[in-house]
Amino acid sequence: MASRQIKMPVKDGSDKDVDEAPSQRKRPESGRYLLQVDRQTKGSYKTSEAAQTAALAIKTGHPIVQVSVYDSVEYTHTMVEAPASK
């Protein structure tokens, strides 16, 4: 049986500038306030007002779920309630 010759593409140096994939060991940068939906962290914010605004937007759109803001410095949870509808 005759052997085949395989042609490989020519490599250039462009592979060297590929960013390194994030490792699972290193924690991503996070803010002080964590937005939690049904006790699962969905985002982090540097200010309490930004976290409360995002939490209120989720709670008004989905009133069934439990939405809270966790302060990672003072270790406190603040539950977010839906505004009363008239």
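This passage describes the salt bridges around Arg 32, the neighbouring loop residue Val 73 and the β1–β2 hairpin in a predicted model.

Two salt bridges are present in the structure. In one of them, the side chain of Arg 32 meets that of Asp 71, with an N to O distance of 2.7 Å. This pair links distant parts of the chain, since Arg 32 belongs to the segment before β1 (33-37) and Asp 71 to strand β3, 39 residues apart. Arg 32 also forms a salt bridge with Glu 74, for which the closest N and O atoms are 3.3 Å apart. Glu 74 is located in the loop between β3 and β4, whereas Arg 32 is in the segment before β1, so this second pair ties together parts that are 42 residues apart in sequence. Arg 32, Asp 71 and Glu 74 are thus linked in a network of salt bridges.

The three residues of the network were assigned to classes of solvent accessibility. Asp 71 has a relative accessibility of 7% and counts as buried because this value is under 20%. Glu 74 reaches 53% and counts as exposed, because the value is over 50%. Arg 32, at 29%, falls between these two cut-offs and therefore counts as partly exposed. The network accordingly includes a buried carboxylate residue, Asp 71, and an exposed one, Glu 74, both bridged to Arg 32.

The loop that holds Glu 74 connects β3 (67-71) to β4 (76-80) and also contains Val 73. With a relative accessible area of 52%, Val 73 is exposed. Val 73 is separated from Arg 32 by 41 residues in sequence, while the C-alpha to C-alpha distance between the two is 6.6 Å.

On the other side of Arg 32 in the sequence, strand β1 begins at residue 33. Strand β1 is joined by five bridges to strand β2 (residues 40-45), and the two strands run antiparallel. Among the residues involved, Val 37 has Gln 40 of β2 as its bridge partner. The hairpin formed by β1 and β2 has two residues between the strands. In this hairpin, Asp 38 adopts a positive phi near 50 degrees.

Key:
Residues are numbered from 1 along each chain as its sequence is written. This is a predicted model: local features need pLDDT of at least 70, side-chain atom pairs count only at pLDDT 80 or more; totals for chains, interfaces and linings use all residues. Side-chain values use heavy atoms; hydrogens and water are left out. Helices (H or I, at least four residues) and strands (E, at least two) are DSSP runs, numbered from the N terminus. Buried means under 20% relative accessible area, exposed over 50%, partly exposed in between (1.4 Å probe, protein chains only). A salt bridge is a side-chain nitrogen of Lys or Arg within 4 Å of a carboxyl oxygen of Asp or Glu. Two strands pair if DSSP finds at least two bridges between them.
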